Amino acid sequence: MIRAAVRKAMADARARRLQAFLLFLVISAAAATLMLALTVRSSASEPFERTVREMNSAHLWITSSNPDVDLNTLAALPGVRATSGPYPQLWAGYSISNSEKKQQLYLVGMDEQLPEVDHPAITDGRWLRASGEPEIVIDRGAALRMGVEAGDRVDLLVDERTVPLVVAGLAVPTGRAPVPVAEEGLAYVLRDTLQAIVPGGRVGSPQFYHERIGIQLTDDSAAPAFLAAAEPLLARDGVRLLDTRADIAADVEDANMFDVIFLGVFSIFALFAAGIIIANVMAGQILSQRRDIGLLKALGFTPLQVTLVFLAESLALALAASIAGVGAGLAIAPFFLNRTAELLGVTSAPVVELMPIAITCVAVLGVVALFTAVPAWNAGRGSAVRALARTGKGGARRSLIGALAARLRLPVVVVLGVKDLSSHPARAVATMLALTLGVITATFTLGIEATFGTAMRDPASIGGAPADLVVDRDRYDPDAAVSLLQSRPEIESYIVRTDVDAAYGEEDIDLHGLEGDLERGGWVFVAGRMIAAPGEVAIGQNMAADLGLDIGDRVSITLPESDTTLGLQVVGRYLELDENVMLVSSEMLPARYLPTDYYINTVQGTDNGAFRRELLRASGGNFDPEVMSETTAAFRRQLRGVILPLNGVLFAIAAVNLLSTLLLGIRESQRDYAVMKTLGLTPGQIAASVFAGGALLGVAAVIVGIPLGLAVTTVIFDGMSKAVDVGASVGTMPSAASLLLIVPGAIALAAVGSMLPARAAASIRPTDALRYE
Amino acid sequence: MVADLIIETRNLHKSFDTGGAVARVLRGVDLGVERGAFVAIMGPSGCGKSTLLHLLGGLDRPTSGEILLSGRRVDGLGEGAWAVIRRREVGYMFQSFNLIANMTAAENIELPALVAGVSAKEARRRRDELLAQLGITSTASLTPGEVSGGQQQRIALARALVNEPAILLADEPTGNLDSASTREVLAMLRERHGRGQTLVLVTHDPNVAAAADRVVHMIDGRIESAVRDGPAPADAAATPGPAP
């Protein structure tokens, strides 16, 4: 039986090379997309893990600003294998500047000899040396963002002074995720250099002078015992657990979060689309082989054996395609992991794990088996005599859509195309569904583009800053800052923000004191309104949901640094990307708090990029300005790099589906096409009728796909909004005008898919097709 | 008197390459068919009669030789030009009817008219007239699978005639019919012939050929003889064609 099945499968593969090849391609594409999604998901932290091994990283980091605490005592606690430090660290956000850009960094003072445990991983240049000019080693991500290389000179901006430093090297920091995963990076200088930067600095001094120690445990499972033993020390003033390796790994993984979401969604689409093609092609093949099935039964095959023959045939192809797809997925994965790898200065190699490979193969083979077994079993149970007598009833169905098309007085070639499609309605519907998936994808992509468009025009609408530029005052004198802003004709309006660390009960709060014309700020309120007077507070929607706060509630906020308590009434909930942010009037804040940032709206037509550089220059490098649209544009570039190729994969699958459906239809209807030629249809008219059928499917896919696409987009946007915790769905639906673009797109896709079948139909020779007359 | 030849072939050859070996199916066929003639082509299987019919309808190209329709050289025409000839001047009937399975009888009949650019209203009028003439009005809304073989061939005849072609080519039109249906279809063909329709029919069946006014016998790709077999209309003749 097996030998017979293999022989039949080989004969079929020889006879239908193009079909087998297309099927192979489509199954491979689906398997590759699924494998890619699973691999990127499981390998997202792989570059980081390798760097962690290279660093001989600690498992957790503890800092202290309490001069009476000796962090070295932690080394003796249970579960500790080794420690690194303590090293002095400045939590004051000093900046480095290279006149083009500025980056806030926390400085760590280290020795000329790198510690064996928990040392930064040097990716470019070298470690610090004592001789010569003072040097700095910068977080690689920060350096990439600024365009700084080893050997460059940078200015460290410290209070009123500028300290020139030579960049000895770039490194992946320990105990902190690299920029831009973390907003501020780490930079390393020698202990002596640190002392020169903050003369007289010591633990607990006003420059936020801390000590930090890295704790390497015997293994991950030792953490609970260690933390329990360290509890008395951690409970002391100024001491805290800074971070854990697992938390940093999770942050780095989050950098790939959108890739994983999109790849996951697209791989499901791709698998579904591939399932449709497999169903179409296998059902078509089985239909066209009814005579063969009759013969097999005449030779003594049972319906089960007939089914097994077809299953063996399709599963063999699917297995080969799955293997190719798995290989392709693994080969493409580094492109998706590169972002993290680039940040860490390592090459990215996907982790080859058995589970994703097994899931991919089982999913693909399962879909293939299902879509093969059902039609094969049905065909196998049919009458052998009838199967031998004719090749099936395909095409004998009356076409209601065709009749409608005729009634609408559509051109005869269109009517013929419609009739031909409707003679296999299940197949036509399945093909339309594959095209519909393409339309859904396109709709979703347009939604993403629209959302980026909105975010670039109005960042606050997605919970971002309500301004064209956000300028960090950094170390600029507040009066000088205001005079500079007031002197610039490019500025239409600005709002002054004063950030204060505050607390609501046990919860840490970022309290933003605001001053200026707040109505022009453009915050997007989900409920209530913007603060209008002292005593009022507006809260981020996500925080409101987490803490169960609503309009009208009264809250008591404490400002620990100034021993102040503010009694406030909630007047509004707004979209906010950051967690636990509250907005109050600056008038409520004690005078010791100085402005930290400025929300600037520029006059229309201003080149905000040029204006950013100008502000940096005019402030003598003291300001740290950010153009919101530039940040959004960078994110858009990153996402486009993922979404557009995935769109391409789905469109290609849809086109291949259409192609295989039309080819099957033409093979089954070649006599009809031949007859049409004898009735006077030109090859061009025959081709046009095939195109018309494809275009009809394209139009139907648009009609069904756009509403479905909008629904899917809403669901995905909701999911993404939850993932970034803005507090509400912040996606922008694509405009009607952009959706209209899908119509010619779908028809063009249909035309591409119809091209080969149309040529095949047009070149049918009546004398060959009607040979047995 | 110069004969009014509607079909004329001169030294027509057709060869097929069958995997290296050349099969010479037609070997210099000279045939003339006068306007209004009913010519039956007979001969054993493989003698080239169907191939000749295909060449006359432009479904295939001769290897060499000439084909003239109403005095016009057509053997060198492209597929598009032949399609136009088929929709206006030549009607085709097949042994297995070759009706389009997912169209009703009415739609099958209208199709060539619509392809020829006739208005939908005129196509319907012609269709109804033919359905009535051929006695198959009741099949109008049925698909081919729902009617008998005889009815299918009558529908095929109606389809072939809907553009009022000057020439009707029929390839074994009764080959798949029982004797009663054969008689019906032959009666209809004779009736059309009686109205001046030029008919060229390929058949194995001497009884069918007997209905023609001329019978051409073919053997091995050549016309062996042309016999006046039936009652000839006064102005019709079928002869081996003029010498090349």
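A residue is taken as buried when its relative accessible area is under 20%, as exposed when that area is over 50%, and as partly exposed in between. In the predicted model described here, A:Glu614 has a relative accessibility of 22% and therefore counts as partly exposed. The partner of this residue in a salt bridge is A:Arg488, with a separation of 3.2 Å between the closest N and O atoms. A:Arg488 has a relative accessible area of 17%, so this residue is buried. Because A:Glu614 belongs to helix 18 (residues 608-618) of chain A, whereas A:Arg488 lies in the loop between helix 16 (478-487) and strand 12 (491-504) of chain A, the pair ties together parts that are 126 residues apart in sequence.

Over all chains, the count comes to 31 salt bridges. In chain A, a further salt bridge is formed by A:Asp499 and A:Arg497, whose closest N and O atoms are 2.7 Å apart. The acidic member of this pair, A:Asp499, is partly exposed at 30% relative accessibility, while A:Arg497 is buried, with a relative accessible area of 12%.

In chain B, B:Glu8 forms a salt bridge with B:Arg10, and the closest N and O atoms of the two are 3.1 Å apart. For this pair, B:Glu8 counts as buried at 10% relative accessibility, and B:Arg10 counts as partly exposed at 29%. Through salt bridges that share partners, B:Glu8 and B:Arg10 are joined with B:Glu66, B:Arg73 and B:Asp75 into one network.

Enclosed space was examined next. A search of the whole structure returns nine cavities of 30 Å³ or more, and the largest of these has a volume of about 140 Å³. The lining of the largest cavity comprises 15 residues, of which A:Asp420, A:Leu421, A:Thr661, A:Leu662 and A:Gly665 are the closest to its centre. Two or more lining residues are given by each of helix 14 (412-422), helix 15 (425-457), helix 19 (628-668) and helix 21 (683-724) of chain A. When the lining of the largest cavity is divided by class, six residues are nonpolar, seven are polar and two are charged.

The second largest cavity holds about 80 Å³ of space. Its lining is also described by 15 residues, and those closest to the centre of this cavity are B:Arg86, B:Val90, B:Gly91, B:Arg159 and B:Ala160. At least two residues of this lining are supplied by each of helix 2 (79-88), strand 6 (90-93) and helix 5 (149-161) of chain B. By class, the lining of the second largest cavity contains seven nonpolar, three polar and five charged residues.

At the surface, A:Val699, A:Ile703, A:Val704, A:Leu708 and A:Ile747 make a nonpolar patch of about 380 Å². Helix 21 of chain A, which also gives two or more residues to the lining of the largest cavity, makes the greatest contribution to the nonpolar patch, with four residues. One of the residues of the patch, A:Val704, is found in helix 21 of chain A. With a relative accessibility of 33%, A:Val704 counts as partly exposed, and because membership of a patch requires over 30% relative accessible area, this value is consistent with the place of A:Val704 in the patch.

How values were computed
Residues numbered from 1 in each chain as written. Chains lettered and ligands numbered in written order. Predicted model: local features only at pLDDT ≥ 70, side-chain atom pairs only at ≥ 80, totals over all residues. Heavy atoms only, no water. 1 Å grid on protein atoms, 1.4 Å probe; cavity = no way out; pocket = protein on both sides within 12 Å on 5 of 7 lines; lining within 4 Å. Points joined across faces, edges and corners; volume = space filled by probe spheres on them. Nonpolar A, V, L, I, M, F, W, Y, C, P; charged D, E, K, R; others polar. Patch = residues over 30% accessible without salt bridge, like charges linked within 9 Å, V, L, I, M, F, W, Y side chains within 5 Å. Areas by Shrake-Rupley, 256 points an atom, 1.4 Å probe, with all protein chains shown as cover. Salt bridge = Lys/Arg side-chain N within 4 Å of Asp/Glu carboxyl O. Buried < 20%, exposed > 50% of the residue type's maximum accessible area, 1.4 Å probe, protein only.
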